[in-house]
Amino acid sequence: MGRTSVVYGPIISWRLGRSLGIDPVLPPKTCTFDCIYCQLGRTARKVRAPRDFKPKVHVDDLVRELRTALEGVDTRFLDHLTFSGSGEPTLHPELGEMIGAVKDLCPGVPVAILTNSSLFWLGEVVEAVREADVVVAKLDASLPEVFNFVNRPAEGIELDVVIDGLREVRRSARGRLAIQSMFLKAHGRPVNTDEASLERMAEILRSIGPDQVQVNTPTRPPSEAYVEALTPEELRAVADCLSGKLKDAEVISWHPPKPGPVGRRAGELRKALIAILERRPCRFHELCLSTGEEPIMVRAELDRLISEGLLAVRDYRGERFYVLKGDEATSG
């Protein structure tokens, strides 16, 4: 399939609207965590710090690809340019420079970063995200044993260090800080929604002081088969509980993104579909919205990719997801 694109999408995100993705990591998945619910499957390369990460892409590569991508995207339809993709973006040692380059190339479109919060104990990482307009930072656990079970961090990464790092980002970041928490069940039992966990989570969030708290549950096929999503009612109860304990942060829960135009896009449909599916399993309608193509064209290209053995269809929670064959193999 050739080298993976650094720039992908636009995709439709419930958190960030119409977002053009930027992947500074590139496959295979490289991360400081191996979360049991991850839509990318199990972590192929689990590392502890940027010194353990060997970049495949540099600032010049990003600038070249982004210039090409922007020739085919009407930026009036973009809500964000988002650093995310195949692992933990704060592993990249040039992240700060990349954020600056993106802002120069596409002024007026906010830059967001999705991070698992694991590397904010490093001053250079805090400095790298300082100029982002939005930092969406993960915090799934309020107790160490839950953190170790759900996030499966690299050796030496502890919950207290993650929390302290989030407080430091809150103090230094110029943009908005949103904390996303994933609530779920494992083996049929709630993992992090008991009263003690939620009370402790509220205490931690108050000490950090984020602008927003995003309450989520798995909506795509997870890394581990024993992971289950909360029902909409259970998720709403978690959101209501946290809302009652947090007076200065907006608490929102997952909701399906609204459809809308994404503008025209550069490149072939095949390339666009592969680039999106390398980062997440998707439903058919999501691929239609993200590519901006007619459903009949998307269906035909997906069928071709399946016949060539590159894609598979996987059922999850009564819905059909298209998954790259490599991703399916690692998420079993």
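Buried means under 20% relative accessible area, exposed over 50% and partly exposed in between, with a 1.4 Å probe and protein chains only. With that in hand, let's work through a few exercises.

This is a predicted model, in which local features need pLDDT of at least 70, side-chain atom pairs count only at pLDDT 80 or more, and totals for chains, interfaces and linings use all residues. Residues are numbered from 1 along each chain as its sequence is written, and side-chain values use heavy atoms, with hydrogens and water left out.

**Exercise 1. Place R283 and describe its surroundings.**

Step 1: R283 lies in the loop between α8 (269–277) and α9 (284–291); helices (H or I, at least four residues) and strands (E, at least two) are DSSP runs, numbered from the N terminus.

Step 2: Check the accessibility. R283 has a relative accessible area of 9%, so it is buried.

Step 3: Look for a polar partner. The R283 side chain makes a polar contact with the side chain of E319, at 3.2 Å. A polar contact is a pair of N or O atoms within 3.5 Å; within protein, one must be able to donate a hydrogen and the other to accept it, and residues adjacent in sequence count only if both atoms are side-chain atoms.

Step 4: List the neighbours. Leaving aside residues up to four places away in sequence, R283 touches T219, R220, E319, R320 and F321, where contact means heavy atoms within 4.5 Å.

**Exercise 2. Examine the two helices that flank this loop.**

Step 1: Start with α8, where seven of the nine residues are buried. They are L269, A272, L273, I274, A275, I276 and L277.

Step 2: Move on to α9. This helix is largely enclosed by the rest of the structure, because six of its eight residues are buried: F284, E286, L287, C288, S290 and T291.

Step 3: Find what encloses α9. Its buried residues pack against β1 (7–13), α8, α10 (295–307) and β15 (319–324).

Step 4: Inspect the ring of F284. The charged end of R299 sits over this ring, 3.8 Å from its centre; the criterion is NZ of Lys or CZ of Arg within 6 Å of the ring centre and within 35 degrees of the ring normal.

**Exercise 3. Which residues have the most contacts inside the largest nonpolar core?**

Step 1: Fix the term. A nonpolar core is a set of buried Ala, Val, Leu, Ile, Met, Phe, Trp, Tyr and Cys residues joined through side-chain atoms within 4.5 Å.

Step 2: The largest core has 82 residues, and L62, L81, F83, L139 and V215 have the most contacts inside it. A second, separate core of 18 residues includes L273, I274, L277 and C288.

Step 3: Take L62 as a case. Beyond four places in sequence, L62 touches V6, V7, I22, V57, F83, M98 and V102.

**Exercise 4. Is L177 buried or exposed?**

Step 1: Locate L177 in strand β8 (residues 176–182).

Step 2: L177 has 0% relative accessibility, so it counts as buried.

Step 3: Among its contacts beyond four places in sequence are V135, A137, L166 and I208.

**Exercise 5. Where is confidence lowest and highest?**

Step 1: pLDDT is the predictor's confidence in each residue, from 0 to 100. The protein's mean is 88, and 92% of its residues reach 70 or more.

Step 2: Confidence is lowest in helix α11 (residues 325–330), at a mean of 53, and highest in helix α4 (residues 144–151), at 98.

Step 3: pLDDT stays under 50 over residues 259–267 and also over residues 328–332.
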